[in-house]
Amino acid sequence: MNLEEKISKLKKEKKAIILAHNYQRPEIQDIADYVGDSIELSRKAMLEKDAEILVFAAVDFMAESAAILNPEKKVLLPTLGARCPMAQMLTVDEIKRAKSHYPNAPVVLYVNTLATSKAYCDICCTSANAVEVINSLNADTVLFGPDRNLAEYVAEKTGKTLIPIPEWGFCPTHLLFQPEDITVLRQQYPDATVMSHPECSGEIRRVSDFVGSTSKMCYYAKECSAKTIVVATEEGILHRLHKENPEKRFVIAYEGAVCPNMKLTTLDRVYTALKEEKHVVKVPEKIAKKARTTLEKMFLVKS
Ligand code: SF4
């Protein structure tokens with residue numbers, strides 16, 4: 001029996017499902033029950049009533065969110081060290097400091113935050129629904145963290161003032177894209193359309209034809225008429241894009257756009273996680289209760 005078959009057998013025996021983020025390795029995406037972005041995976045996890053174990057092939061904050069939303073299920077993160085550096089950039093002290101300067105501004109946090117920070121915000125958002133979440137608030141000034149680029153993008157789209165907390169939060173992988181690379185690719189593929197993630201810099205967004213979350217990119221790639229699409233987000237998504245659109249060509253805007261933390265999950269680690277039921281992700285109920293409210297409020301916003 002190969003590793004994939006062993007994983008599949010264990011999954012059935014233990015009533016487990018595997019949820020993989022769009023940035024995971026191709027072989028992980030191929031054994032997953034669902035592949036998607038944070039919001040898609042969280043929703044799927046909540047709908048899987050019969051599952052007893054959720055294996056999150058992703059990074060820490062996504063597994064934490066799943067544990068918060070599914071307290072009755074065992075949530076496993078195959079690699080303990082799979083941490084999103086952006087999520088580590090925002091501390092509770094930073095939120096409190098910002099709030100002391102803007103006491104009337106609601107705090108909106110990107111789901112790429114730790115549970116302790118989520119517990120201190122008013123509502124969460126993902127890159128797929130950030131614009132709708134901000135528009136749903138009866139406030140013109142909003143404290144937003146931790147991604148400065150996403151804050152800028154949402155401010156452009158909503159016309160509201162978004163104060164980034166911290167001032168400098170970023171995704172190290174999305175900052176690697178440079179507008180010069182897009183210029184070269186546009187010369188090489190004159191008919192191509194360019195799509196980028198809102199975690200990219202404003203310079204990249206401005207030279208893109210489409211800006212959106214990974215789920216929106218997948219939708220756009222299917223719907224648009226372009227036969228060649230240049231992609232400015234983590235390279236793992238190309239696997240899903242190729243699978244869903246075999247007749248189209250996808251070109252990564254920068255080949256080094258690899259999130260090392262997303263790539264820590266391997267088939268071996270998924271197998272061990274399922275076999276030994278590790279590493280269990282637990283959030284203390286006091287924090288989970290508050291963080292759950294902020295995630296549930298997000299799900300109520302139509303997007
Ligand atoms: S791609 Fe960026 S935001 Fe996503 S997990 Fe990696 S570091 Fe975090």
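Which cavity is the space taken by the ligand? Keep that in mind as you open this predicted model.

**Stop 1: the ligand**

Select the ligand. The space it takes is the largest cavity. Now show the residues around the ligand. Tyr23, Val59, Cys84, Pro85 and Asn112 belong to this shell, and so do Cys171, Pro172, Glu199, Cys259 and Met262. Color the shell by class. You should find 8 nonpolar residues, 1 polar residue and 1 charged residue.

Stay with one member of the shell, Cys259. Is Cys259 buried or exposed? Cys259 is buried, because its relative accessible area is 14%, and the cut-off for buried is under 20%.

**Stop 2: a cysteine without a bond**

Select Cys125. Its relative accessibility is 0%, so Cys125 counts as buried. Next, find the cysteine sulfur closest to that of Cys125. This sulfur belongs to Cys124. Why is there no bond between the two? The sulfur atoms are 7.4 Å apart, which is too far. A disulfide needs the two sulfur atoms within 2.5 Å. Such a bond is a covalent link between the sulfur atoms of two cysteines. How many disulfides does the model have? The count is 0.

**Stop 3: two stacked rings**

The model has 2 aromatic pairs. One of them is Phe210 with Tyr220. Select both and look at the rings. Their centres are 4.2 Å apart, and the planes differ by 5 degrees, so the pair is stacked. Which elements hold these two residues? Phe210 is in strand β10 (residues 210-211). Tyr220 is in helix α11 (residues 214-223). The pair therefore ties together parts that are 10 residues apart in sequence. Now turn on the surface. Both Phe210 and Tyr220 are buried.

**Stop 4: two cis prolines**

Most peptide bonds are trans. Here are two that are cis.

- Select Gly145 and Pro146. The peptide bond from Gly145 to Pro146 is cis, with omega near -5 degrees. Pro146 sits in the loop between β7 (141-145) and α8 (148-158).
- Select Ile165 and Pro166. These residues are joined by a cis peptide bond, with omega about -10 degrees. Pro166 sits in the loop between β8 (161-164) and α9.

**Stop 5: along helix α9**

Move on to helix α9, which covers residues 179-188 and contains Thr183. Is Thr183 buried or partly exposed? Thr183 counts as partly exposed, because its relative accessibility is 44%. Now add Trp168 to your selection. How far apart are Thr183 and Trp168? In sequence, Thr183 and Trp168 are 15 residues apart. In space, the distance from C-alpha to C-alpha is 27 Å.

**Stop 6: two positive phi values**

Most residues other than glycine have a negative phi. The last two selections have a positive one.

- Select Lys15. Its phi is near 50 degrees, a positive value in a residue that is not glycine. Lys15 is in the loop between α1 (3-14) and β1 (16-21). With a relative accessible area of 47%, Lys15 is partly exposed.
- Select Glu277. Phi of Glu277 is near 50 degrees, again positive in a residue other than glycine. The loop that holds Glu277 runs between α13 (267-276) and α14 (285-300). Glu277 is partly exposed, with a relative accessible area of 24%.

Technical notes:
Residues numbered from 1 in each chain as written. Predicted model: local features only at pLDDT ≥ 70, side-chain atom pairs only at ≥ 80, totals over all residues. Heavy atoms only, no water. Buried < 20%, exposed > 50% of the residue type's maximum accessible area, 1.4 Å probe, protein only. Near = heavy atom within 4 Å. 1 Å grid on protein atoms, 1.4 Å probe; cavity = no way out; pocket = protein on both sides within 12 Å on 5 of 7 lines; lining within 4 Å. Sits in = over half its atoms within 2 Å of the grid points. Nonpolar A, V, L, I, M, F, W, Y, C, P; charged D, E, K, R; others polar. Helix = DSSP H or I, 4+ residues; strand = E, 2+ residues; numbered from the N terminus. Phe/Tyr/Trp six-rings, centres within 6.5 Å; stacked < 30°, edge-to-face > 60°.
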